[in-house]
Each structure stands twice: as structure tokens, then as C-alpha cells.
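Subject: Structure handover

Hello,

Here is the structure for you to look over. My notes follow below it.

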Amino acid sequence: MPGTLPLPFNAHTGRALGPVLDLPAGAAVLDAGCGRGAVARWLAGRGYRVLGIDVELPDEDATAGEADGLELRRADLLELPGADGRFDAVLLFGVLHYAGHPDRVREMLRTVDRLAAPEAPLALNWICDEIPLDHEDAYLPPRALVLNTLRLLGRHPVDVWDRDVRHAHGGSPVHEHRIVYGVWSR
């Protein structure tokens, strides 16, 4: 059955999930910034216990409690209660470029590091500042800020790469982003 599930993500996200998929079924995964829960649901369908959180999770996507290994809730990563080191893997996909400030990026990275078990892989992606936006004012975290913060937390890169995307969304003009993907461990 797991091999027949549709993939709710692109090949880059799939590559970043590689170390998570190496964990045994039943491993606890935090999907911080889960959106509507597509990746969280996919992982739960593969036997992982997944907590997906998002500050904008629609009410209809929230689950009342863990069912079939999945719990989705509206929550802010920085206000997430729970035991330190409780997750066997942490995903932070598409979140850092919403931080708005370098200190908040650092705080988010410290938080996911604290919530992760000592050997847990940390998989993330974000829109970095290497291709400036020309149609809106937004904070795009520099690659060096993220890499240095993770290094100071004792994490080393397992696999880091980037991808340039050209698109339009939400009425914006066509524009480009550089998305950095990666996996870090201890």
C-alpha cells in the first residue's frame, strides 16, 4: 500500500524526505508549517506518527486528536508545547521566509532543534535572498544565516542544494525565487 500513495510534493521535497523515510514505521515526525497537511498525511499513510502544525491551518483540515498516526492542528511553532527531543524527524518546509526578521529565523531553528531527538534529521526548504523579489517587500533569509545558525546548533549538512523557480501566484507578476533545500543532522 505505501508504494501506491500519490506523491503530494515535487522531487526536491521527496529528496529532502529521504532521511525521514529511512526511519522505521512508527517514528514521530513534526511537520511544522504543514499547510493543509498533504505531506503529513502522506507520511502518516506510510506508517509514521505525524504532528502537522500551521498557523493558518483551515478548521476543516484540523484533526481532533491523533488518528491513524496523524494529528493536524492550528499552532505556531514558537508556541508549541511539548517535551524536548520528542520527534524523530522535523520538517520545516516553506516556513523561514515568513519569519520577517533574522532573529525570528534563528528562534525557529532553535525551536525545531530543541523539539528534535538528538539524532533526528532536520529537513527544510526556504526562499532565500539570492534572487531579490522585485514586486513586493518581503524578508528572504540569507543562506549564510540559516547555515550558520544550524552549525551553531551542532548540526551539519547531509545534503544541501537549491532550485530556481519562475512563476506567478496570487495575482503577482511573474517572478523568480531561489529555493534552498537541505537535510541536517548531528
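First, a term: pLDDT is the predictor's confidence in each residue, on a scale from 0 to 100. You will need it, as this is a predicted model. The mean pLDDT of the protein is 89. Of its residues, 92% reach 70 or more. Residues 1-5 are another matter: pLDDT stays under 50 there. For that stretch the model has five contacts beyond four places in sequence.

**The sheet**

Start with the sheet. It is open and has seven strands. The order is β3-β2-β1-β4-β5-β7-β6, and the pairing is mixed. At the edges sit β3 (70-74) and β6 (156-167), each pairing on one side only. On average, neighbouring strands are turned by 15 degrees against each other, direction ignored.

Now the pairings, moving along that order. Strands β1 (residues 28-32) and β4 (residues 89-93) run parallel, joined by four bridges. Asp-31 stands opposite Leu-91 of β4. On to β4 and β5: they also pair in the parallel sense, over four bridges. Here Val-90 has Leu-122 in β5 as its bridge partner.

The sense is antiparallel for β5 and β7, which pair over seven bridges. Leu-124 faces Gly-182 in β7. Antiparallel pairing also links β6 and β7, over eleven bridges. His-156 has Ser-185 in β7 as its bridge partner.

**Buried strands**

How many residues of β4 are buried? Five of its five, so to speak of it as mostly covered is fair by the cut-off of under 20% relative accessible area. Ala-89, Leu-91 and Phe-93 point one way from β4. Val-90 and Leu-92 point the other way. Strand β7 is largely enclosed by the rest of the structure, because ten of its eleven residues are buried.

**Helices on the sheet**

Helix α4 (residues 102-115) lies across β1, β4 and β5 (122-128). It runs at about 155 degrees to β4. Helix α5 (residues 143-152) packs on the sheet too, touching β5, β6 and β7 (175-185). The direction of α5 makes about 160 degrees with that of β5.

The length of α4 checks out. At 1.5 Å a residue, its 14 residues should span 20 Å. The end C-alpha atoms of α4 are 20 Å apart, which agrees.

Which residues of α4 are buried? They are Val-105, Met-108, Leu-109, Thr-111, Val-112, Asp-113 and Leu-115. These buried residues pack against β1, β4, β5 and α5.

Helix α3 (residues 38-45) has buried residues as well: Val-39, Ala-40, Trp-42, Leu-43 and Ala-44. They pack against α2 (18-21), β1, β2 (49-54), β3 and β4. Just after α3 comes Gly-47, with a positive phi of about 100 degrees.

**Two threonines**

Take Thr-111 first. Its place is in helix α4. Its relative accessibility is 9%, so Thr-111 counts as buried. Leaving aside neighbours within four places in sequence, Thr-111 is in contact with Leu-77 and Leu-78. Asp-84 is 27 residues from Thr-111 along the chain. Their C-alpha atoms are separated by 9.2 Å.

Then Thr-13, which lies in helix α1 (residues 11-16). Is Thr-13 buried or exposed? Buried, because its relative accessible area is 7%. Beyond four places in sequence, its contacts are Phe-93, Asn-125 and Tyr-181.

**Cysteines**

A disulfide is a covalent bond between the sulfur atoms of two cysteines. With a cut-off of 2.5 Å between the sulfur atoms, the count here comes to zero disulfides. Cys-34 counts as buried because its relative accessibility is 9%. Cys-128 is buried too, with a relative accessible area of 0%.

Best wishes

Note on methods:
Residues numbered from 1 in each chain as written. Predicted model: local features only at pLDDT ≥ 70, side-chain atom pairs only at ≥ 80, totals over all residues. Heavy atoms only, no water. Pairing = 2+ DSSP bridges. Helix = DSSP H or I, 4+ residues; strand = E, 2+ residues; numbered from the N terminus. Axes fitted to C-alpha atoms, helices over the stretch in contact; angles between N-to-C directions. Contact = heavy atoms within 4.5 Å. Expected span 1.5 Å × (residues − 1). Buried < 20%, exposed > 50% of the residue type's maximum accessible area, 1.4 Å probe, protein only.
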